[in-house]
Amino acid sequence: MSTATVLVPHEMLTRYTRDVLAKLGMPETDAAYAADCLVQTTLWGIDSHGIIRLLIYSERLGNGALKISPAIRTIKEFGATALMDGDACLGYIGAREAMKKAISLAKQHGIGSVLMRNSNHFGAAGIYAREAAKEGMIALVMSNTPVNMAAPGSKGPVLGNHPIAFAAPLFDDHPMVFDTCMSEVAGGKLLVAKEKGEKIPFGWAVDKDGNPTDDPAAGLAGAFLPLAGHKGYCFALMEEVLTGLLSHGVFLGDIGHLFKQPKETCHISHHMLVMNPLALMEEKEWTASMREMRNRIKETPMRDAGAKLIFPGEIEEMCEAKRKKEGIPMTATLFESLNKVGEPFGLAMKLNG
Ligand SMILES: NC(=O)c1ccc[n+]([C@@H]2O[C@H](COP(=O)([O-])OP(=O)(O)OC[C@H]3O[C@@H](n4cnc5c(N)ncnc54)[C@H](O)[C@@H]3O)[C@@H](O)[C@H]2O)c1
């Protein structure tokens with residue numbers, strides 16, 4: 001395994017990913033959208049859910065677990081709520097459609113709540129929350145995941161480490177974005193550590209017998225640990241209610257696993273909850289409050305001289321600026337694996353020098 005790092009220009013990575021997805025049969029606009037999502041997530045520094053996922057998505061698009069041209073449809077609508085069916089779509093495409101509908105409902109009613117069932121892994125929840133913020137909306141984005149997380153005292157995994165993202169707009173400025181999940185860290189961080197041949201800190205996961213481990217492979221075969229003990233477990237259960245149960249979809253152990261069942265659709269549910277702050281006040285009043293809150297946070301006295309409290313979303317914006325300038329760092333092994341995906345179509349990325 002090569003641990004050498006290469007720097008990949010984001011434009012080349014986006015073009016390559018879009019072309020691979022289009023060659024796999026995805027409609028051009030969907031291929032371009034999914035490529036943008038994968039590379040944008042990597043630009044933010046969320047490597048666990050960025051371009052590394054092209055490997056599994058391309059396998060699943062190729063074997064039919066994900067439909068390349070799904071018939072996504074609205075099943076029910078009532079007031080500001082809607083229920084959609086993703087028809088075994090790639091999660092990015094289902095989530096894009098659900099978010100579009102939630103934004104449109106929030107523009108009409110002040111709030112929009114859209115459930116989607118029969119979708120698949122949608123990557124970083126923050127993608128869609130930021131899309132709502134771009135439209136001047138507050139968003140809470142939730143999704144369920146297959147069972148992969150322990151609960152306090154459980155022998156094995158009990159429920160999913162469901163992702164959740166919150167975004168609040170600042171109109172002409174960067175939004176506040178908190179994009180996380182219910183386990184101590186996202187499972188993708190174990191994947192990245194495994195790919196780099198690194199150990200993980202104790203406290204992230206337990207092995208298949210429930211013992212603490214610092215081996216990412218053993219953690220992936222065992223269970224992730226919930227954030228803050230019973231709190232993470234109960235928040236995750238709450239999220240399961242607001243996704244799998246409220247969409248009248250499947251939940252807990254009935255959700256398919258991205259890696260363990262690569263030939264099957266996962267039947268994942270998403271929930272896009274969008275609120276329009278301008279339904280309640282003027283834009284200048286909203287932005288004044290948001291700015292004041294952010295300024296007060298940034299002015300917090302810190303123990304270490306020169307340190308500043310971080311506002312949620314800032315780390316990702318700084319990483320994006322750096323990676324756009326310098327290129328996206330990845331192991332040579334990952335770069336080669338990505339190129340293997342395009343090989344059957346005669347596609348390849350080439351690095352200068
Ligand atoms: N689709 C799925 O099934 C799935 C499952 C799990 C996680 N995920 C995704 O994985 C990604 C990583 O999840 P995670 O749980 O490891 O996230 P994390 O715990 O690393 O949290 C990241 C968030 O915290 C903010 N943040 C980080 N440090 C901060 C600080 N010191 N002060 C203020 N804010 C700070 C960041 O801006 C970001 O919004 C997310 O994008 C999540 O949506 C997806």
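**Surface, fold and one lysine**

The accessible surface of the protein chain amounts to about 16500 Å², and carbon and sulfur atoms hold 57% of that area. The model is a predicted one. Beneath this surface, 52% of the 353 residues of the protein chain count as buried.

The protein chain is built with 11 helices and 11 strands. Its radius of gyration is 20 Å, close to the 20 Å that the globule rule gives for 353 residues, so the protein chain is as compact as a globular protein of that length. Taken along the principal axes, the box filled by its C-alpha atoms is roughly 55 × 55 × 50 Å.

Contacts can be sorted by how far apart the partners lie in the sequence. Among the contacts in the protein chain with a separation of 6 or more, 68% join residues that are 24 or more positions apart.

The charges come next. The protein chain carries 37 positive and 40 negative charges, and the mean positions of these two groups are 2 Å apart.

One residue can serve as a local example. Lys-100 belongs to helix α4, which covers residues 91–109. Is Lys-100 buried, partly exposed or exposed? Its relative accessibility is 49%, and because buried means under 20% and exposed over 50%, Lys-100 counts as partly exposed. A distance places this residue within the chain: 40 Å separates the C-alpha atom of Lys-100 from that of Phe-202, and the two residues are 102 residues apart along the chain.

Notes:
Residues numbered from 1 in each chain as written. Predicted model: local features only at pLDDT ≥ 70, side-chain atom pairs only at ≥ 80, totals over all residues. Heavy atoms only, no water. Helix = DSSP H or I, 4+ residues; strand = E, 2+ residues; numbered from the N terminus. Buried < 20%, exposed > 50% of the residue type's maximum accessible area, 1.4 Å probe, protein only. Rg over C-alpha atoms; globule rule 2.2 N^0.38 Å. Contact = heavy atoms within 4.5 Å. Areas by Shrake-Rupley, 256 points an atom, 1.4 Å probe, with all protein chains shown as cover. Lys, Arg positive; Asp, Glu negative; His and termini not counted. Charge placed at Lys NZ, Arg CZ, Asp CG, Glu CD.
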